[in-house]
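Work through the exercises below with the model open. Try each task before reading its solution.

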Amino acid sequence: MSNTDVEMQGSAMRSGSTQSPYALIAALGIGQICAWGSLYYSFPLIAEAMMAELGWSKTDVYGAATIGLILAGFLAYPVGVAVDKGHGRALMGGASLMAGILLALWSQVDNLIGFYLLVAGLGALQAAALYEPAFAVMARRVGPGRARAGITAITLWGGFASTVFIPLVQFLLNHWGWRDALLVLAVINGLVCAVAYFGFIRPEKDAIHFSHADIGHVLTTDKQEVRAAFQKPVFWLLMLALTAYAGAFTAFTFHMYPLLLEGGLTTSNVVWAIATIGPAQVGGRILISIFGSGTSMRRIGVFVVAVFPLVFIVLAIQPSSMWVIVAVCIAYGASNGIFTIVRGLVVPEMLSRRAYGAINGLLTFPSTLARALAPVAAALLWSTTMSYDVVVWAIVACAVVLAFSFWLAAWTSRQANELAMQPTEVAITRPSARQAPPG
């Protein structure tokens, strides 16, 4: 941590500006439930209803979502920079209002071109509505070094998104159809999310305003930190790890239902097994918040990434026991929930306590592209053999890359920290050892 960082956070703590921002955490948490639920988890349900009514193919419908996620990848860095500059309130609130408008327009669509434009726009807005900008807003409010508790709490809220919105959207589809369901989602974004963000993201309370550093100097230093990050092996290793994680996570998420059915489970057993993942995610985050508060994210990450290859290797072996599948889903869910926190905190712990939004945006850029392309790639792999065997082993390969690259990043960052301390020790000890005797 630089002297300026220490001064900034110390002044903020003395002023009381960073004490217990419970209202902001609750607002961001509620916003994450609604944003993930309406912009991410609801899409497959609404897409199926649209295809049944309009006669569009799965490739047509999911192609629009892929384009949107690619756009979100390109927007990740500028969104991070904007939050670093104090525009988180306008950015997240404005994105929620825009999402409400696009969802309302989607409810009236009848042609494929209009659908592509609207859904691609909604996908792009995810860059300003999901975890990354929320994490950056929290880091700016309390300082990156003190953001751990807030980021953990936000992920606890967000973990309930699928639990709340999948039943809600299914209820709306059953009783009113997909068009009215989209109108309800539009209102949720335009009112709940927008009010939460505009009402509780208060840039004037950010830690940066309670330091003695000049704002222009801070932004210049942020640019220097971004350039310096490119020169660190840790940056590239973390980027590789997060990209491999995104590919494995998204491919499995979109294909777990048919994958488990192909393994011989009944439909009811598959649904029950998948239903354990959400609570396991929340449970993993709660365990970390209770028992891991004094443990570094580097150490937690080193442990949790080892679980992913084991989980997918067990699935690749195709166990016949339902209880083994449930145990695998619980282990996967808990590990995934914990790793969401890890990826939100590796920047201040392993790279830099400055320019959080910008550096995190750069790290997640290829991850967003992987999220966009992984479902299609998995489908193409399946079509080559008409079996999920090759798909699962491809996911295993991604999990292995995730584990080894994160381990290397953790080891490299630890070595860099130890080397950074050595010059100070040398400067203290060498002069006295070499000092000539008086006279």
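The exercises that follow concern a predicted model.

**Exercise 1. Compare the span of helix α12 with the expected span, then find where α12 bends.**

Solution.
1. Helix α12 covers residues 233-262, which is 30 residues.
2. From first C-alpha to last, α12 reaches 41 Å. The expected figure at 1.5 Å a residue is 44 Å, so the two are close.
3. The bend sits at M256 and is about 65°. A proline, P258, follows within four residues.
4. After α12 comes G264, with a positive phi near 110°.

**Exercise 2. Decide whether A99 is buried or exposed, and list what A99 touches.**

Solution.
1. Locate A99 in helix α5, residues 88-106.
2. The relative accessible area of A99 is 1%. Buried means under 20%, so A99 is buried.
3. Leaving out residues up to four places away in sequence, A99 touches L39, L122, L125 and N189.
4. Now check A186. It lies 87 residues from A99 in sequence, yet the C-alpha atoms are 6.9 Å apart.

**Exercise 3. Classify the ring pair F308 and F339, and place the two residues in their helices.**

Solution.
1. The ring centres are 6.2 Å apart and the planes stand at 80°. Planes over 60 degrees apart count as edge-to-face, so this pair is edge-to-face.
2. F308 belongs to helix α16 (residues 307-317), and F339 to helix α17 (residues 322-351). The pair therefore ties together parts 31 residues apart in sequence.
3. Both F308 and F339 are buried.
4. Widen the view: one aromatic cluster holds Y245, F249, F252, F308, F312, Y332, F339 and F406.

Key: Residues are numbered from 1 along each chain as its sequence is written. This is a predicted model: local features need pLDDT of at least 70, side-chain atom pairs count only at pLDDT 80 or more; totals for chains, interfaces and linings use all residues. Side-chain values use heavy atoms; hydrogens and water are left out. The bend at a residue is the angle between axes fitted to the seven residues ending there and the seven starting there. Buried means under 20% relative accessible area, exposed over 50%, partly exposed in between (1.4 Å probe, protein chains only). Contact means heavy atoms within 4.5 Å. Rings of Phe, Tyr and Trp (its six-membered ring) pair if their centres lie within 6.5 Å; planes under 30 degrees apart count as stacked, over 60 as edge-to-face and the rest as tilted.
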